[in-house]
Amino acid sequence: MANLREGACGPEVSELQSRLKEHGFDPGKIDSKFGPGTEAAVIAFQKSEGLVADGIAGPQTMAKLGFAVAPSEPLEDITDRVTVPVVSKMCPGAPLGNIKRFLPDVLRALGRFELGDKVMVLMAIATIRVETGGFDPISEGKSRFNTSPNGHPFDLYDNRKDLGNRGRPDGNDFKGRGFVQLTGRANYQKFGEQLHLGDELVTNPGKANDPEIASDLLALFIKDKEARIREALSDGDLRTARKLVNGGSHGLVEFSESYKIGNALL
C-alpha cells in the first residue's frame, strides 16, 4: 500500500478514514478523499502513538491502524562503499585527515547497530557535518544559549531537568560532546549503560569524545529514534529527521545539503 497523503482519493482512503474513526480519531465524512479533516486525524493519531506527526499515512502509521503491511526487504549495508572522497564532498571544510582518521570508527559503529544502509549512513554523516564541522568528536563551546552573561560556563544547563541535570557542575560536566553532541546527565547515563560502560560516562564524561565511544554514541542516538527517523526520511522530510536528533532546525540547510550530495554520490 502506497503512502497516503492530502490529495489522495479512492477506496484505500475510505478504509483509512474508517480505521481512524474506529481508533477514536474522527476524520469527518467517510468520502474517499484525503482532505484537511483526514490529515488532522492522521496527525492526532500519530502523536498519540509517538510517530512522526507529518499527516502522511506511511507504513508505520498504517501498521498501527491495523493494516497488513508487507514486510520490508532486508536493507543493504553500503558501508564498504562509503569512501573518504565521498564524505569529503558531503562535509566540505572538514580536514581530510580527520575524515581518514575517524570515518572507519563511524562506519564500524553504524554496521554494529544495523544502521549501515544508505539512508542511515547519510543521516549519520550529515549529522556529523552539522554537529562538529570538522568531522571530529568535539566538546560544545560556550554560547548565549548555554551560558548566562555573568555566569560560569554552561550555567544555563546546570538545572535543566529535561537533561537530568542536578545543579552545578552538571552543566559543564555534561555539555555536548562527540559526533552527535550528547548532552545532559540523563543521556550520559542512559547511553553509557547501553554501551555496557556502567557509570564511566557519568564519572568521566570526557570519554564521550573518545573516537570509538563517540562513534558508538552517534549510532546509538540514531538507533534510539530509528523508526521515526526512517519514516521521516521515507517521506523526504529532512526537517523532521534533523529535529529528531537536534530537537530543532539548527543546521538544517547544511544537513540537507550534505544528505542530498551523499544521496547522489551513493
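Contact here means heavy atoms within 4.5 Å, and the legends that follow use the word in that sense for a predicted model.

**Figure 1. Surroundings of V82 in the largest nonpolar core of the predicted model.** Leaving aside residues up to four places away in sequence, V82 touches V87, L103, L107, V121, I125 and L266. The largest nonpolar core holds 56 residues, and among these V82 and F135 are the ones that touch the most other members. Helix α6, which runs over residues 118-132, gives the most to this core, with nine residues. In soluble globular proteins, nonpolar side chains tend to be buried together.

**Figure 2. A second core, apart from the largest one.** Another core, of 13 residues, lies apart from the largest nonpolar core, and its members include L16, L20, F34 and L65.

**Figure 3. L4 and its neighbours in the segment before α1.** L4 is found in the segment that precedes α1, the helix spanning 11-22. Because its relative accessibility is 5%, and buried means under 20%, L4 counts as buried. When residues up to four places away in sequence are not counted, L4 touches E12, V13, L16, F34, G55, I56, A57 and M62. L4 and P59 are 55 residues apart in sequence, whereas their C-alpha atoms are 9.6 Å apart in space.

**Figure 4. The crossing of helices α5 and α10.** The axes of α5 (residues 96-112) and α10 (residues 211-224) come within 8 Å and cross at roughly 45°. An angle of this size makes α5 oblique to α10, and the crossing of the two helices is right-handed. On the α5 side the contact is made by R101, F102, D105, V106, R108, A109, L110 and R112, and on the α10 side by P211, E212, S215, D216, L218 and A219. By character, the residues of this contact divide into seven nonpolar, one polar and six charged.

**Figure 5. The whole protein, as a setting for the close-up views.** The secondary structure of the protein comes to 13 helices and two strands, and the C-alpha trace spans about 60 × 45 × 35 Å along its principal axes. Of the 266 residues in the protein, 49% are buried. Among the contacts with a separation of 6 or more, 56% are accounted for by residues 24 or more positions apart.

How values were computed
Residues are numbered from 1 along each chain as its sequence is written. This is a predicted model: local features need pLDDT of at least 70, side-chain atom pairs count only at pLDDT 80 or more; totals for chains, interfaces and linings use all residues. Side-chain values use heavy atoms; hydrogens and water are left out. Axes are lines fitted to C-alpha atoms, for helices over the stretch in contact, and angles run from 0 to 180 degrees between N-to-C directions. Helices (H or I, at least four residues) and strands (E, at least two) are DSSP runs, numbered from the N terminus. Angles under 35 degrees count as roughly parallel, over 145 as roughly antiparallel, 65 to 115 as roughly perpendicular and the rest as oblique. A crossing is left-handed if the near helix is turned anticlockwise from the far one by less than a right angle, and right-handed if clockwise. Ala, Val, Leu, Ile, Met, Phe, Trp, Tyr, Cys and Pro count as nonpolar, Asp, Glu, Lys and Arg as charged, and the others, Gly among them, as polar. A nonpolar core is a set of buried Ala, Val, Leu, Ile, Met, Phe, Trp, Tyr and Cys residues joined through side-chain atoms within 4.5 Å. Buried means under 20% relative accessible area, exposed over 50%, partly exposed in between (1.4 Å probe, protein chains only).
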